Amino acid sequence: MSETPEIFCDGSGSPLAAAGMPELKAWFVREVLPLEANLMQFLRHNWRDHSDIEDILHDVYVRVYEAARRQIPDHAKAFVFTTARNLLSNRIRERAVIPIDAVSDLDALNVAIETPDPERGAVARDELRRISTAIDRLPPRGRQVVMLRRVDGLSRGEIAVRMGISEDAVSVHLSRAMDALASILFGDATDKGERP
Amino acid sequence: MSGTANLESRVTPGTKAIRAAASEWLERQERPDWGAREQAELDAWLGESAAHLTAYWRVEAAWRRTERLAALRSSEAHETSMRRRIRALLGKAAAAVAAVAMLAIGGNFLLRNSHEKVYATQIGGHRTLVLKDGSRIEINTDTILRVSDNDERRAWLDKGEAYFQIIHDAKRPFVVVAGNRRITDLGTKFVIRQDDMHFKVAVLEGLVRLAAKKDDAQSLLLEPGDSAIAKGNSLAVNKAAVSQLANELGWRRGVLVFDNETLGEAANEFNRYNSGKIVVADSAAANLRIVGTFPTNGVDGFVDVAQHILGVRVEKHGNETVISR
């Protein structure tokens, strides 16, 4: 591991400045988000309290973002997993109680880092099928609003008329569906199944 | 985000709440009444913390990916939404512009032969004609097609692209004239494209005879899966599976399908359908390959994918989107 991310943020600058940094955002979307399925698997495997996992995931994102704002790392995957690993180590140290089975694999993490990137062309080819599958996993109303928006190209008002619900209700279904889709699409690409 | 050594205090109990808020912002942003004030509010929220910003990027990137669901759009749904959009956006102005365009371009022909009807689409347009005999013709973006209005089964593709589903009548074959070429249907579904540089006919079903307009002696019989492509005086015939031709007819469903096309080719396709043009500035970018399905009017989505997947640089200059490496 050549890069060691810093654990603590330095508090310099504001994230707002980064909103105007398309390069950083493009890097984050292209290199970091697609790692989420692997990262979730890694976190589940190495952290016993699964109710924390999503918080830890977003903590990793924040740290990766803050480091990348100073300089975009050359090797996104190694950098993200090193960040995750340091974050877990620090949490263990902070808690002063070591959940033994949680750390057992912490040194075997390099394995996760070595997993090859899926071939991009194949990914693109399967994309439509993957998205359709993700939509099937939404609750019925969420699925319906997404289909009406994306397939039929209807506006919020038109969807409301079609479904016989208020526009505000359409917004609620739609934003919840967006939220769920992010976790389905990035979080569990092949759905490894939850560990108990 | 204030720096602190106490990791426990940094653990945000509100991850779920932040994700939900990011999704709500994204949903609001898609409403038609989104304006500068709303954008300023969103910017302020994004500026509050890196957690807000990254959560927003995440949900936005996922939602962008669902854009390609438009590929599932049926031609029927597309037609109604198209008609509605055109009516809502342009109303009378569109009708007036279309009429002027028809007069300007079709006027000569109308004077010469009153037994013709002229059908035209603007950039991004798409319409379906049903002829008296039940044959259907779908015309694509930026197209001028004349159809004989008497018993003669004949059409002239002056510009653009059209998909023909012809009811076969052995005694009265349907003839399409495109430039200096004549295409005679022998029971058929086929598509013809004709523009300044380019003539192409591809057959999906039945048989088609391709000949020079005034000379039947040299003709060519095309079978399903065949495409004849002409540039100047040269003509090449490509043989492929019919299923491969289906990609080229994505426009009937309102989509463009790219399967390993270059970015340059893809940009040219988009430019046929949109008045805002994509310019690929250098050959390094133009030669990148792209796979995917996009709405024909989805320039922004396409450019976004190019930026994120291919890592190209994108700049907007007025009506032009310039892509470079």
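A crossing of two helices counts as right-handed if the near helix is turned clockwise from the far one by less than a right angle, and as left-handed if the turn is anticlockwise. The first stop of this tour uses that term. The model is predicted.

**Stop 1: a helix pair between the chains**

Select residues 167–187 of chain A, which form helix α11, together with residues 15–29 of chain B, which form helix α2. Their axes come within 8 Å and cross at roughly 120°. Because the angle has that value, α11(A) is oblique to α2(B); the perpendicular class ends at 115 degrees and the antiparallel class covers angles over 145. The crossing of α11(A) and α2(B) is right-handed.

Now show the side chains in the contact. On the α11(A) side, pick A:Ser171, A:Leu174, A:Ser175, A:Arg176, A:Met178 and A:Asp179. Facing them in α2(B) are B:Arg19, B:Ala20, B:Ser23, B:Glu24, B:Leu26 and B:Glu27. By class, the residues of this contact comprise 5 charged, 4 nonpolar and 3 polar.

**Stop 2: the whole of chain A**

Widen the selection to chain A. It holds 11 helices and 0 strands. Of its 196 residues, 35% are buried. Among contacts in chain A with a separation of 6 or more, 68% are between residues 24 or more positions apart.

**Stop 3: a three-stranded sheet in chain B**

Move to chain B and colour strands β15, β18 and β17, which lie in that order in an open sheet with mixed pairing. The edges are β15 (277–280) and β17 (313–317), each pairing on one side only. From one strand to the next, the twist averages 25°.

Zoom in on β17(B) and β18(B), the latter at residues 320–324. These two strands run antiparallel and are joined by 5 bridges. A pair to label here is B:His317 and B:Glu320, the latter in β18(B), which stand opposite each other.

Next add helix α8 of chain B, residues 263–273, which packs on the sheet and touches β15 and β18. The direction of α8(B) makes about 160° with that of β15(B). Then add helix α10 of chain B, residues 299–310. This helix lies across β15, β17 and β18 and runs at about 15° to β18(B).

**Stop 4: a hairpin and its neighbour**

Select residues 188–195 and 198–205 of chain B, the strands β8 and β9. They pair in the antiparallel sense over 7 bridges, and a hairpin of 2 residues joins them. B:Asp195 has B:His198 in β9(B) as its bridge partner.

Extend the selection to β12(B), residues 226–231, which pairs with β9(B) in the antiparallel sense over 4 bridges. Here B:Lys200 is bridged to B:Ile229 in β12(B).

**Stop 5: two residues with positive phi**

Most residues other than glycine have a negative phi. Two residues of chain B to check against this follow.

Centre on B:Asp142, whose phi is near 50°. B:Asp142 sits in the loop between β3 (136–139) and β4 (144–148) of chain B. It counts as partly exposed because it has 17 C-beta neighbours inside 10 Å.

Finish at B:Asn260, where phi is near 70°. B:Asn260 is placed within strand β14 of chain B, residues 255–262. Is B:Asn260 buried or exposed? With 11 other C-beta atoms within 10 Å, B:Asn260 is exposed, since the limit for that class is 12 or fewer.

Notes:
Residues numbered from 1 in each chain as written. Chains lettered and ligands numbered in written order. Predicted model: local features only at pLDDT ≥ 70, side-chain atom pairs only at ≥ 80, totals over all residues. Pairing = 2+ DSSP bridges. Axes fitted to C-alpha atoms, helices over the stretch in contact; angles between N-to-C directions. Contact = placed C-beta atoms within 7 Å. Parallel < 35°, antiparallel > 145°, perpendicular 65-115°, else oblique. Nonpolar A, V, L, I, M, F, W, Y, C, P; charged D, E, K, R; others polar. Buried ≥ 20, exposed ≤ 12 C-beta atoms within 10 Å, placed from the backbone.
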